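Trainee: I am new to this one. Please take a close look at a single part, the packing of two helices, and then set it among the chains around it.

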6 protein chains.
Amino acid sequence: MSVVITNPPRVGRKLAAAFTRFGVATVHEAQGRVGLLASYLRPIYPGAKIAGSAVTVSLPAADNWMLHVVVEQCQAGDVVVVAPTSPCDTGYFGELLACSLAARGVLGLVIEAGVRDLAALTRMRFPVWSKAISAQGTAKETLGSVNVPIVCAGQSIRTGDLILADDDGVVVVPRLTAEAVLRQSEGREAKEAQTRARLRAGELGLDIYGMREKLAQRGLVYRAAEVEG
Amino acid sequence: MSVVITNPPRVGRKLAAAFTRFGVATVHEAQGRVGLLASYLRPIYPGAKIAGSAVTVSLPAADNWMLHVVVEQCQAGDVVVVAPTSPCDTGYFGELLACSLAARGVLGLVIEAGVRDLAALTRMRFPVWSKAISAQGTAKETLGSVNVPIVCAGQSIRTGDLILADDDGVVVVPRLTAEAVLRQSEGREAKEAQTRARLRAGELGLDIYGMREKLAQRGLVYRAAEVEG
Amino acid sequence: MSVVITNPPRVGRKLAAAFTRFGVATVHEAQGRVGLLASYLRPIYPGAKIAGSAVTVSLPAADNWMLHVVVEQCQAGDVVVVAPTSPCDTGYFGELLACSLAARGVLGLVIEAGVRDLAALTRMRFPVWSKAISAQGTAKETLGSVNVPIVCAGQSIRTGDLILADDDGVVVVPRLTAEAVLRQSEGREAKEAQTRARLRAGELGLDIYGMREKLAQRGLVYRAAEVEG
Amino acid sequence: MSVVITNPPRVGRKLAAAFTRFGVATVHEAQGRVGLLASYLRPIYPGAKIAGSAVTVSLPAADNWMLHVVVEQCQAGDVVVVAPTSPCDTGYFGELLACSLAARGVLGLVIEAGVRDLAALTRMRFPVWSKAISAQGTAKETLGSVNVPIVCAGQSIRTGDLILADDDGVVVVPRLTAEAVLRQSEGREAKEAQTRARLRAGELGLDIYGMREKLAQRGLVYRAAEVEG
Amino acid sequence: MSVVITNPPRVGRKLAAAFTRFGVATVHEAQGRVGLLASYLRPIYPGAKIAGSAVTVSLPAADNWMLHVVVEQCQAGDVVVVAPTSPCDTGYFGELLACSLAARGVLGLVIEAGVRDLAALTRMRFPVWSKAISAQGTAKETLGSVNVPIVCAGQSIRTGDLILADDDGVVVVPRLTAEAVLRQSEGREAKEAQTRARLRAGELGLDIYGMREKLAQRGLVYRAAEVEG
Amino acid sequence: MSVVITNPPRVGRKLAAAFTRFGVATVHEAQGRVGLLASYLRPIYPGAKIAGSAVTVSLPAADNWMLHVVVEQCQAGDVVVVAPTSPCDTGYFGELLACSLAARGVLGLVIEAGVRDLAALTRMRFPVWSKAISAQGTAKETLGSVNVPIVCAGQSIRTGDLILADDDGVVVVPRLTAEAVLRQSEGREAKEAQTRARLRAGELGLDIYGMREKLAQRGLVYRAAEVEG
């Protein structure tokens, strides 16, 4: 059955925005190393970073009709997350849909399929994380669903979950744990900032993390190089 | 037999140049969704766009002798299109050949194989759409042909066809239909410009395209989200 | 056995630095077309070029403990080269380790696995050639070795070998032949500079390289295009 | 947290066994085209077909410790379904673990990673659907979980769900809908059996499915081939 | 425009059948190394070999409606060759369509997309060369064309061309040159049969082909291994 | 320089043959998890297993001239191991060369490139582990070397090393350690035989390997499933 769920729960905008201080890798660690989308999702241009509330779309192969439907369900601070029901690299999304989403304040798109109009999207600074780049268009014949749970790039995603995306990839944080994960990320980042300063000053991780004894116990041996003739 | 066809027909320079106003996706749509080269052809740097007359090269795996031959057959406004007779990712093309082609006014290269000297090509702004990047060089032992019909990245290409390439990929338009496709592209682009303005102003595609009734007929259901505890 | 070889031989810093005048493709040619690492190693940002002395690391899948160990073995002008003992795309390396290596004057990293913190690494201009980009972290449980011979991306590499990396990829030059290969590269480059000037001026490679006779002997035929109706 | 859930719900054995009359494609259709695992999961030998109750395992990259833990949780009619938390092609599973699972009546294994000992597994007729074949072994250092919900090859799977696997791939049917899907499959298969008989007898699908009118409406044209000289 | 070309020219049945004495590699060589389809087309079971007259189908991504249309255009000795207009790995073809084609005497299928019902197709001995195996089904919504020229797996194919397929892959021979290529294949095979006998008897190719002198001229050196301690 | 090293050292025939009692996975473990060739090398038919002395060939892309040269250097019990100097999937090897190698008692071929004539090779039971299957032929224009050290599928291989290949892949054992590795394999296999018997009898690995305490220490928790409504 094809259904559009309206007025779904959303992670708070302020809470979401707070995540942009951290990288995907940091949040993934803070969350206990779960929720990372498959690494074949790549940004269409370098340097973008977004954090917002997922609006999910499940749609058929090579048919982007539901992308026209989802626009109306979006509000400022949302991130549209799209998964086709069978693998497909066709170009589902381009400049026109980006204009439409941008007009509603959508932050960006995550799609396990193809996109096109890269030059225009880059000029508009509308960021997309996609599996493929393809000028090949789609049909508008078959229904799908909006705001139902989906699996995108190997992760379960529910509408209202927090999506954080940067040059490293995309991570999903469940809505109900987002606040706790934010605090974990802050703690982690604070600790890393200190470590970073010490490492930049030339201290060794071997000493900062106290690794030398454990390495020796496990049997690591140091041996001077033999002189070659 | 190895043959170089001289003085082939060419799509007109002015006609070709007119295509640079449009993206590959637009022209592909305007042409009825045919002629798109496989999406594994990617530009070596972002932001390039060229439109010119194809000069075709068919050559053996890992042998670029014919690239030295093709230079003499090129004139200003041409795009060299190269397909090896068996799949090969070797670096067929680099800075020296680019200097030679640029000296004749060639606009760029499309090659279903590898290229090298990326830093120099980027500095020169000589755009290439290739399947691979590889510093591995080639031999100059075996002949091929110039200006014969080839299949490159899954599309049949004849010398004199129009090649349009941008960040989305590469599309071929047969020489004899190029003028008609240009007019189709203009019409399409004019219509899209209007739609773009309306979408930017916040109108919905659902209304602009009149989709609501058809969606309902096909059985799309809207349902408010249930409140979770 | 897990071992760290200390004070290994190194290619001289001045000798290594001299290689940055040449591209990977030129040095690969000058060396007789050996030593090129597999083309799936790609730079994380365009435009970087480094030449330094290899410090090798062999480590287990999804475990980056040895990267903390290797830092202490590095000095200015080194390039760290890492190969896991089984294929793994996990993110072994990020901002903190980059700070630590940069503090010792390490020039960059070559790794047949994944990296993360791309935005930070790009900002720091710490170049990495990697097989994957992944925010997925690693364990610190299992030992490996430092400064033992490794096979990385299809090439045998020994500590102290010269590593040259640019937008085209990565090439290894054995320490003992580095000086000879440098001279070959200089000779090759000088010759190419002349050829480049002549090609830019519009001379043909067919004439510069004297290819016309050999092409004719092999049977290349020139034929004017037939006029289509 | 690492947890082993004991005594999970299971789809009934008789119900599961009834699915072996149908192919993965039929059940996938009957279920409304959801639940198909990614097609990179391939059987290690042709001709196997199993249907049983999922016992799920989530484990780290390159570490198969939890496979030793899961054995004790299995009973006759189970299918073990394994997903690493980061992509990994290492050989997690071989002859010894297969002996252990077979001794408990486990029907087979679905794993989004690598397996080894193919000759022995084929001889034993212990079927495996895997993403890779690799003799590379794993560690036994890090915990994971058993019988928690996992995402395997792009699908959400819960312990007790029905897993059907054959030469076409793997499909998951949620436990609570398995009976309904079985009935749908029976209906579909009965209808297909009739159609199959008619098609074998030479009737055309165009007539059986009544497609001719719709094709004409959409504009399909029939035209005799022109005679070539 | 969507069109079905009826009563196309066909390569003669007897002529086609004569090709089954030769392998794809032999015919590819005899034809001058052209016409080989991309090697990602693989047979669904080992040991099949067919030679027949191409009936071509061009169809949209994830839509197999035209496969129901093509059946009526087929006769005994045909090989159906299918290319989607955009890349798609969905399962376009299964047991029912195979029953229908087999009832008309079609020899097999070549498809640059996915197939399903592998177990049934193998049991029926209906051979398929495909790019993917997938239980995912398709729509029947959008038209395509039958018996128009297509590009399949990188080769131009016209209805009535000879298709030869075996464990090595698929080769196309243009209808009008099929007789000449058959004779070339016979000549080549006769020569190879003699060579094969001599090689089996232990004669060396170096001598049979008279290679020793040319190798020496090119600079090949023989040197005894040095004794290691 | 192109060189053929004659009369190289070889691992003893009896010693090599003794390895066929073990699988590639077992020997890889016994050797300390080194020496495994990349898993993209796959056997052309299932069920083959060989163990012999490596005769190495380094050759150019798409040129198999050196395969004609290597035949003369082979003797009974050898395994020919081939690596192109740049990546290439062309069909270097087919029935004729297989007849020639078989006539000298060569056991099989390992090649990081393509092969053809699969049907004939399967019929002859001449086993090949290759990276690709392709009917595309090669040139005989450019020299390479025989019995020099090569890197094949990511491993350094020297002439006379032991090569063991089966359905799991290919492992190399250095000639001088082959006897020690054989003994390690025997020990390992004997131990595994006992474990296998106990596992088949239903004993758990958890008990045989004494894992329960360590799992608890690391924090593994067992918890009964909650009853769903």
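Mentor: Helix 6 of chain D and helix 4 of chain E are roughly parallel to each other, a label for angles under 35 degrees (over 145 is roughly antiparallel, 65 to 115 roughly perpendicular, the rest oblique). This is a predicted model: local features need pLDDT of at least 70, side-chain atom pairs count only at pLDDT 80 or more, totals for chains, interfaces and linings use all residues, and side-chain values use heavy atoms, with hydrogens and water left out. Residues are numbered from 1 along each chain as its sequence is written, while chains are lettered from A and ligands numbered from 1 in the order in which they are written.

Two packed helices are described by the angle between their axes and the distance between the axes. Here the axes cross at roughly 15° and come within 8 Å. Axes are lines fitted to C-alpha atoms, for helices over the stretch in contact, and angles run from 0 to 180 degrees between N-to-C directions. Helix 6 of chain D covers residues 178-200, and helix 4 of chain E covers residues 95-103. Both are DSSP runs (H or I, at least four residues), numbered from the N terminus.

The crossing is right-handed: the near helix is turned clockwise from the far one by less than a right angle. Chain D brings E192(D), R196(D), L199(D) and R200(D). They meet E95(E), L96(E), C99(E), S100(E) and A103(E). Contact means heavy atoms within 4.5 Å.

Now chain E and its copies. A 180° rotation, with 0.0 Å of shift along its axis, superposes chain E on chain A at an RMSD of 0.0 Å. That is the relation of a two-fold axis. The fit is by least squares on the C-alpha atoms of residues with pLDDT of at least 70 in both copies. C88(E) comes closest to the rotation axis among the residues of chain E, at 3.1 Å (C-alpha). The two copies meet through the same surface, because 100% of the interface residues of chain E are also interface residues in chain A. Chain C and chain E do not touch. Their nearest C-alpha atoms are 15 Å apart.

C88(E) matters for one more count. The structure holds zero disulfides over all chains, a disulfide being a pair of cysteine sulfur atoms within 2.5 Å. The sulfur of C152(E) has its closest cysteine sulfur in C88(E), 14 Å away, too far for a bond. C152(E) is also buried, at 0% relative accessible area (buried is under 20%, exposed over 50%, partly exposed in between; 1.4 Å probe, protein chains only).

Methods. Helix = DSSP H or I, 4+ residues; strand = E, 2+ residues; numbered from the N terminus.
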